[in-house]
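Let's work through two short exercises together, one on a ligand and one on empty space. Have the model open beside you.

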Amino acid sequence: MVGATFEFFGRVNSVRIPFNKPFVSQQARRYMLESLDSGHQSGDGPFTKAATEELLGLIPARNALLTTSCTHALEMAAILMDLKPGDEVILPSFNFVSAANAIVLRGATPVFVDIDPSTLNIDASQVAEAITDRTRAVLVLHYAGVAADIEAIKAAIDGSSRRIEIIEDNAHGLGASWQGQPLGTFGSFSTLSFHETKNLQIGEGGALFINSDDPKFMERAEIIREKGTNRSRFFRGQVDKYTWVDIGSSWLPSDVSAALLLGQIQAFSDTQKRRKEIWNTYHEQLCPWAELHGHRQPFIPPDADHPAHIYYLLLAEHIKQADFIESMSARDVHVTFHYRPLHLSTMGKQVSRTVGELPVSVDVSDRLVRLPIWPDMSDSQVAQVIDAVTQ
Ligand SMILES: *Cc1c(COP(=O)(O)O)cnc(C)c1O
């Protein structure tokens with residue numbers, strides 16, 4: 001692969017810096033082999049239990065369940081909420097598609113609002129405006145793992161006569177906190193992704209966290225994840241046969257995936273340390289250049305501790321995003337844009353409601369670029385990126 005890339009770009013002394021390179025710890029490799037030799041490879045085996053406990057150490061919710069993806073965890077949350085046609089869920093348009101799909105798959109309506117230009121998170125003042133008597137939830141994304149303004153969102157929904165849940169799509173936010181409280185513990189439900197682009201990666205995978213102390217949610221979540229059967233209760237000896245009791249799907253990951261995950265979690269504090277070093281180096285060394293040319297660097301509110309998931313730049317208006325990405329590519333650095341506003345997408349136009357014009361989402365989408373950040377990046381690679389940007 002490396003050889004092929006080398007030849008393709010026809011360079012001799014320069015090695016292309018990818019946007020992302022998934023990290024795999026030695027412990028993850030060992031656990032995966034152990035799992036393969038153990039005779040238990042389907043889900044809910046010993047590695048699933050151990051990895052779930054470790055995750056609950058990082059995000060102390062009431063309950064957690066490993067899932068096959070964050071997308072599936074969001075779909076489970078939508079089922080657990082009993083979302084149905086006519087219901088509305090408020091979410092930012094500058095977003096990944098899975099949050100919107102989870103709503104639409106239940107026949108409910110996504111209601112898109114704009115983002116705050118400083119944090120790129122859902123604009124809480126627009127949440128209040130978007131609430132109707134059909135609103136069931138606000139689905140929050142902590143963009144780049146920087147906490148959304150949960151307090152302002154809570155204040156907005158407290159004014160409503162109906163109960164409105166907060167769901168956190170925490171795909172970016174593992175290891176992050178707000179006023180010392182881990183992200184993923186604020187909403188009724190929260191989700192994680194272990195996709196290879198995320199801070200804790202196993203290729204594909206995810207988790208659902210349940211913060212309610214009502215045991216019915218965890219009981220039902222186990223059923224939904226096991227094809228709508230009560231097989232989990234059967235395995236625990238609580239029923240003598242298992243049967244079809246609810247809707248569901250196959251969202252239980254294999255114990256081999258969980259073994260990888262356990263090994264990755266054990267390396268998480270080291271990989272986070274390196275990501276933060278890289279993030280901070282970008283932030284410090286790009287500051288004079290950004291100020292001189294009118295580019296904007298990430299803003300971190302004082303109460304937010306972030307996990308260095310993304311290093312983005314908002315390019316000055318006279319610089320075209322595509323031109324910047326192209327010029328970085330010519331310097332062997334892979335830089336990428338991010339979300340296109342969902343309210344303007346083919347599907348979004350058909351199935352959603354939008355409150356106002358959402359100008360910030362459109363503007364940010366056209367100006368944001370993300371720099372390479374991954375745990376094995378060397379200091380000289382980081383320097384190469386900085387040189388390429390400021391050259
Ligand atoms: C990556 C991501 C997802 C989807 O995660 P999968 O595990 O690939 O399903 C959902 N939401 C956000 C914000 C993401 O970044």
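**Exercise 1. Describe the surroundings of the ligand.**

Step 1: list the neighbours. There are 13 residues around the ligand, and Thr 71, Asp 169, His 172, Ser 193 and Lys 198 come nearest; a residue is near if one of its heavy atoms lies within 4 Å. This is a predicted model, in which local features need pLDDT of at least 70, side-chain atom pairs need 80 or more, and totals for chains, interfaces and linings use all residues. Residues are numbered from 1 along each chain as its sequence is written, and side-chain values use heavy atoms, without hydrogens and water.

Step 2: sort them. The shell has five nonpolar, six polar and two charged residues (Asp, Glu, Lys and Arg count as charged; Ala, Val, Leu, Ile, Met, Phe, Trp, Tyr, Cys and Pro as nonpolar; the others, Gly among them, as polar).

Step 3: find distances to ligand oxygen atoms. A side-chain N or O atom of Ser 193 is 2.7 Å from one, and for the side chain of Lys 198 the distance is 3.1 Å. Cys 70 uses a backbone N or O atom, at 2.9 Å.

**Exercise 2. Locate the largest cavity.**

Step 1: take its lining. Of 13 lining residues, Phe 23, Lys 198, Asn 199, Gln 201 and Pro 375 lie nearest the centre. On a 1 Å grid over the protein atoms alone, a cavity is a set of points where a 1.4 Å probe fits but cannot get out, and lining residues have an atom within 4 Å of a point.

Step 2: compare with the domains, whose bounds come from an automatic or database assignment. Domain 1 (26–266) and domain 2 (268–390) both contribute lining residues, so the largest cavity lies between them.

Terms used: 1 Å grid on protein atoms, 1.4 Å probe; cavity = no way out; pocket = protein on both sides within 12 Å on 5 of 7 lines; lining within 4 Å. Polar contact = N/O pair within 3.5 Å; in protein donor to acceptor, adjacent residues only side chain to side chain.
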